[in-house]
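Here are a few exercises to work through with the model open in your viewer. Try each one before you read the solution.

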Amino acid sequence: MAIKKILLYPDPLLQTKSTRINRFDEDLATLSKDLLDTMYNADGVGLAAPQIGVNKRIFVMDCSKEEKEKDYRIVINPEIEHASEELGSYNEGCLSIPGITEEISRPKVIKVLYQDINGVLQRNTYDNLWSICFQHELDHLNGKLFIDHLRPMKKILVKNKIKKSSKKEKKA
Ligand code: NI
């Protein structure tokens, strides 16, 4: 078990496009375990590899929060095959931008394609929180953060808020 340090915005690794994974080996298994340990420890519903400083196309998610059993997915080389025209909006946050949440609207239902930890191709349809989470984490692999979905003026306001709160954290 290894809990990794979660990088914070504006770390440049969070804004870097991650590379495709071709080897499904022991190192990848370790990376996926580290991601799960770090996500559960931070009480998050999703965590992408760039957030722990690894620019590879893998993320983990578990949106079964209210249920007793853990129900996680390890998602590798994800793609969205189809996104619904219908949008849903949700007050999103990110472990790399602590203390900030913003209403973000995204396609409500998505059909996805990815590889599991053994390299086996998986097809799935996600709705609700699973859909939001999948899209949010996939954005991380493309160097994109949820605040990048905001309108330009709103984004400037939020960025200033982040700057102020990180100054405060440094003092404390
Ligand atoms: Ni995030």
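**Exercise 1: the surroundings of D34**

D34 sits in helix α1, which covers residues 26-41. The model you're looking at is a predicted one. Your task: decide whether D34 is buried or exposed, and find which residues D34 touches once those up to four places away in sequence are left out.

*Solution.*
Step 1. Get the relative accessibility of D34, which comes out at 10%.
Step 2. Hold that against the cut-off: buried means under 20% relative accessible area. D34 therefore counts as buried.
Step 3. Drop the residues up to four places away in sequence and look for contacts: D34 touches A2, K4 and I52.

**Exercise 2: the nickel site**

Work out which protein atoms are donors of the nickel ion and how the donor residues are spaced in sequence. Then say what separates H136 and H140 in their helix, and check whether each of the two is buried or exposed.

*Solution.*
Step 1. List the protein donors: SG of C94, NE2 of H136 and NE2 of H140, at 2.1 to 2.3 Å from the nickel ion.
Step 2. Write the spacing of these donor residues as a pattern, and you get C-x41-H-x3-H.
Step 3. Place the two histidines. Helix α2 runs over residues 128-141, and H136 and H140 are 4 residues apart in it, so about one helical turn separates them.
Step 4. Check the accessibility. H136 has a relative accessible area of 8% and is buried; H140, at 1%, counts as buried too.

**Exercise 3: the whole chain**

Now zoom out. Give the order of the elements from the N terminus on, and say how the radius of gyration of the chain compares with the globule rule.

*Solution.*
Step 1. Count the elements: the chain has 3 helices and 7 strands. From the N terminus on, they run α-β-β-β-β-β-β-β-α-α.
Step 2. Compare the radius of gyration, 16 Å, with the 16 Å the globule rule gives for 172 residues; the two are close, so the chain is as compact as a globular protein of that length.
Step 3. Add the extents: the C-alpha trace spans about 45 × 40 × 35 Å along its principal axes.
Step 4. Look at burial and contacts. Of the 172 residues, 42% count as buried. Among contacts with a separation of 6 or more, 63% come from residues 24 or more positions apart.
Step 5. Finish with the charges: there are 28 positive and 25 negative side chains, and the centres of the two sets are 9 Å apart.

Conventions
Residues are numbered from 1 along each chain as its sequence is written. This is a predicted model: local features need pLDDT of at least 70, side-chain atom pairs count only at pLDDT 80 or more; totals for chains, interfaces and linings use all residues. Side-chain values use heavy atoms; hydrogens and water are left out. Helices (H or I, at least four residues) and strands (E, at least two) are DSSP runs, numbered from the N terminus. The radius of gyration is taken over C-alpha atoms; the globule rule is 2.2 Å times the number of residues to the power 0.38. Buried means under 20% relative accessible area, exposed over 50%, partly exposed in between (1.4 Å probe, protein chains only). Contact means heavy atoms within 4.5 Å. Lys and Arg count as positive and Asp and Glu as negative; His and the chain ends are not counted. The place of a charge is taken as NZ of Lys, CZ of Arg, CG of Asp or CD of Glu. Donors are N, O and S atoms within 2.8 Å of the metal (3.2 Å for Na, K and Ca); water is not among the atoms, so sites may look incomplete.
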